[in-house]
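Student: I have a model open and want to go through its helices and charged pairs. Can we take it step by step?

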Amino acid sequence: MKIQLYQTGRNLYTTKGEEHEASRNEFLECLKLLEGELGDKPYFGGETFGYVDVSLIPFYSWFQAYETFGNFNFEHEYPKLFAWVKRCIQNKESVSKTLPESPKVFAFVQHLRKRFGIED
């Protein structure tokens, strides 16, 4: 199964109706797959922070937008992914100092929604 995390995540805040619901379901399936791959390991590669972690951690900055427009809660529905994010931020200064701030990303998403005519 090919994970299309970026596009389905984008569709959560740029679509309405049936298309939005389909995107939401696909996005949640991607998260379920990722959580399954992470399992009980501290990082996707096992004990070491690696390439997959580096590739996925930037999505954390978008969590507020995904949760708001996808109508779900990361911490409650995907606790292993949420714990992984916290571990990455706490244990890797390179992560904590470089991620965009969630409120700024959320404001950007709200701007996009207005631009696309999805909200007033």
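Student: At what angle do helix H1 and helix H2 pack?

Tutor: This is a predicted model, so local features need pLDDT of at least 70, side-chain atom pairs count only at pLDDT 80 or more, and totals for chains, interfaces and linings use all residues. Residues are numbered from 1 along each chain as its sequence is written, and side-chain values use heavy atoms, with hydrogens and water left out. Helices are DSSP runs (H or I, at least four residues), numbered from the N terminus. Axes are lines fitted to C-alpha atoms over the stretch in contact, and angles run from 0 to 180 degrees between N-to-C directions. H1 spans residues 5–14 and H2 spans residues 17–38; their axes are 8 Å apart, and the angle is about 140 degrees.

Student: Which word describes how H1 lies to H2?

Tutor: Angles under 35 degrees count as roughly parallel, over 145 as roughly antiparallel, 65 to 115 as roughly perpendicular, and the rest as oblique. The packing angle is about 140 degrees. That makes H1 oblique to H2.

Student: How do the residues of the contact of H1 with H2 divide?

Tutor: Contact means heavy atoms within 4.5 Å. H1 brings Leu-5, Thr-8, Gly-9, Asn-11 and Leu-12, while the H2 side includes Phe-27, Leu-31 and Leu-34. Ala, Val, Leu, Ile, Met, Phe, Trp, Tyr, Cys and Pro count as nonpolar, Asp, Glu, Lys and Arg as charged, and the others, Gly among them, as polar. The split is six nonpolar, five polar and two charged.

Student: How many of the 10 residues of H1 are buried?

Tutor: Buried means under 20% relative accessible area, exposed over 50%, and partly exposed in between (1.4 Å probe, protein chains only). Leu-5, Thr-8, Gly-9, Asn-11, Leu-12, Tyr-13 and Thr-14 are buried. Their cover includes H2, H3, helix H4 (63–70) and H8. H1 is mostly covered, and the count is seven.

Student: How does H2 lie to H6?

Tutor: The two axes come within 8 Å. They cross at roughly 65 degrees. That makes H2 roughly perpendicular to H6.

Student: Which residues in H6 does H2 meet?

Tutor: The contact divides into six nonpolar, no polar and two charged residues. H2 uses Leu-31, Leu-34, Glu-35 and Leu-38. In H6 they meet Pro-79, Lys-80, Leu-81 and Trp-84.

Student: Which residue forms a salt bridge with Lys-80?

Tutor: A salt bridge is a side-chain nitrogen of Lys or Arg within 4 Å of a carboxyl oxygen of Asp or Glu. Lys-80 lies in helix H6 (residues 79–91), and its partner in the loop between H2 and helix H3 (51–56), so the pair ties together parts that are 40 residues apart in sequence. Lys-80 is partly exposed at 35%, whereas the partner is exposed at 74%. The closest N and O atoms are 3.3 Å apart, and the partner is Asp-40.

Student: Which residue pairs with Glu-93 in a salt bridge?

Tutor: A search of the whole structure finds two salt bridges. Glu-93 is exposed at 53% relative accessibility. Its partner is exposed too, at 63%. The closest N and O atoms are 3.3 Å apart, and the partner is Lys-97.

Student: How far apart are the C-alpha atoms of Gln-90 and Gln-7?

Tutor: Gln-90 is in helix H6 and is exposed at 65%. Along the chain, Gln-90 and Gln-7 are 83 residues apart. Their C-alpha atoms are separated by 28 Å.

Notes
Helices (H or I, at least four residues) and strands (E, at least two) are DSSP runs, numbered from the N terminus.
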